[in-house]
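Me: Take a close look at one helix packing in this model. Then place that packing in the rest of the fold.

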Amino acid sequence: MKKFVVILLLAVMGYYISAIFFDIGFGNSHLVEGISPVKDAYLEETVNTLSVANTVTSIVVNFRGFDTLGEVTVLFLAVTALGSILYKKRHQAGDRSVLFSASKIVTSGSKLLFPAIVLLGAYVFIHGHLSPGGGFQGGVIIATGFLLMLLAYENFTVGHNALSVIESLAGITFAGVGMWGLIYGGSFLENFLPVGTLNDLFSGGVIPIIYIAVGFKVAAELTGVIYTVLHEKG
Amino acid sequence: MIYFILIIVLFLLMIGAAVYSIRQKDLLYATIATGIISLVLSVLFYLLQAPDVALTEAAIGVALTTIIFIITIRNTVRYEDESDNKEKFKSGVK
């Protein structure tokens, strides 16, 4: 009886949600020119005022930059909570854990792949305003590179002090650029640098600086998460 | 037309992997199935012209989440024990 009621409720909700999608046309009418003024403004401002090639980046970092600061803060709080829960439970390699010595092939392959992965991550966040990707994506790619090294070498360590210094500096850079925009331009994260020409590496004003800061911050935080979880006592 | 068929096949693959990961008692296999869901989802995002989201999904869903689940399984138990679960439910009802 209970299951029947639940299924009935879900069916009614599903019907109305799908009806909404059919009425709107799932993206069709929004793409017609002139119907959504906000969309038109974003597309125009991105190319003309900011000269950024990737519209998603300009929205995430510039028009909705304050939300991105909130996201970074949420990630920082989650990492801090995880670290504070698992802090006392460190143990050495050799106990019952995921850390055991890998074979020669794995260690050599990891050593070969690690610089390439870090380079790819750096490329993704430096070119965030030109090609798909950005700070979050590049940071996660760098963190997976460190994960590979941590799994391959049981004695591979990451300095916690270096991680926290990198993370703090990146956070300060993000907030400082935003505050400088507040002083100089009148609103938080206002652009105060010359925007350059479209499709140039040095274009978009403060957007590349902020995305590089976000990339370093995310990479440091997620590397810290992986290190903490891997060295947790089972 | 072929594009539409491809999208339908990918959706069916995702649903199949999701059902498999729920039914499977071996938690390691279930975790790999959730990784397959993320992989297919990132391909779908790419086909639907959202490459930014596809990159995020590929990096976080396939690599990081799967690895953290595997580490957790390595540190706890691998098999989902049915009898243990039933007794827990019974004691909960009483």
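Reply:

**The α5–α6 packing of chain A**

In chain A, helix α5 (residues 104-126) and helix α6 (residues 135-152) bring their axes within 8 Å, crossing at roughly 170°. Here axes are lines fitted to C-alpha atoms, for helices over the stretch in contact, and angles run from 0 to 180 degrees between N-to-C directions. Helices (H or I, at least four residues) and strands (E, at least two) are DSSP runs, numbered from the N terminus. The crossing makes α5(A) roughly antiparallel to α6(A). The angle classes are: under 35 degrees roughly parallel, over 145 roughly antiparallel, 65 to 115 roughly perpendicular, the rest oblique.

The model is predicted: local features need pLDDT of at least 70, side-chain atom pairs count only at pLDDT 80 or more, and totals for chains, interfaces and linings use all residues. Residues are numbered from 1 along each chain as its sequence is written, while chains are lettered from A and ligands numbered from 1 in the order in which they are written.

Now the residues. On the α5(A) side, those that meet α6(A) include A:Val106, A:Ser110, A:Leu113, A:Ile117, A:Gly121 and A:Phe125. On the α6(A) side, the partners include A:Gly135, A:Gly138, A:Ile142, A:Gly145, A:Leu148 and A:Ala152. Contact means that C-beta atoms, placed from the backbone, lie within 7 Å. The residues of this contact divide into 14 nonpolar, nine polar and no charged. In that count Ala, Val, Leu, Ile, Met, Phe, Trp, Tyr, Cys and Pro are nonpolar, Asp, Glu, Lys and Arg are charged, and the others, Gly among them, are polar.

α5(A) also packs on α8(A). The angle is about 145°, with the axes 8 Å apart. A:Gly121, A:Phe125 and A:Ile126 of α5(A) make this contact with A:Pro208, A:Tyr211, A:Ile212, A:Gly215 and A:Ala219 of α8(A). The split is six nonpolar, two polar and no charged. A:Gly121 and A:Phe125 appear in the contact with α6(A) and in the contact with α8(A).

Step back to the chain. Chain A has eight helices and zero strands. Of its 234 residues, 31% count as buried. Buried means 20 or more other C-beta atoms within 10 Å of a residue's own, exposed 12 or fewer, partly exposed in between, with C-beta atoms placed from the backbone. Among chain A contacts with a separation of 6 or more, 70% join residues 24 or more positions apart.

Next, the core. The largest nonpolar core has 40 residues, and A:Ala143, A:Ile210, A:Val214 and A:Ile226 have the most contacts inside it. Such a core is a set of buried Ala, Val, Leu, Ile, Met, Phe, Trp, Tyr and Cys residues joined through C-beta atoms within 7 Å. Elements giving it two or more residues are α3 (55-63), α4, α5, α6, α7 and α8 of chain A, together with α3 of chain B. α8(A) gives the most, 15 residues. Leaving aside neighbours within four places in sequence, A:Val214 touches A:Val72, A:Gly135, A:Phe136 and A:Phe174.

A:Phe174 is one of the buried residues of α7(A), along with A:Glu167, A:Ala170, A:Gly171, A:Val177 and A:Gly181. Their cover includes α4 (65-86) and α8 of chain A. α7(A) (residues 160-185) has 26 residues, which should span 38 Å at 1.5 Å a residue; its end C-alpha atoms are 37 Å apart, which agrees. The expected span is 1.5 Å times one less than the number of residues.

A:Gly186 follows α7(A), with a positive phi near 110°. The loop between α7 and α8 of chain A holds A:Leu189 and A:Asn199. A:Leu189 has a positive phi of about 65° although it is not a glycine. A:Asn199 likewise has a positive phi, near 70°. Their settings are opposite: A:Leu189 is buried, with 25 other C-beta atoms within 10 Å, whereas A:Asn199 is exposed, with 11.

Last, the chain boundary. 17 residues of chain A are in contact with 13 residues of chain B. On the chain A side, α6 and α8 (207-230) each supply at least two residues. The largest share, seven residues, comes from α6(A). That side divides into 11 nonpolar, five polar and one charged. In chain B, B:Ala58 is found in helix α3 (residues 51-75). B:Ala58 counts as buried, with 20 C-beta neighbours inside 10 Å.

Methods: Two residues are in contact if their C-beta atoms, placed from the backbone, lie within 7 Å.
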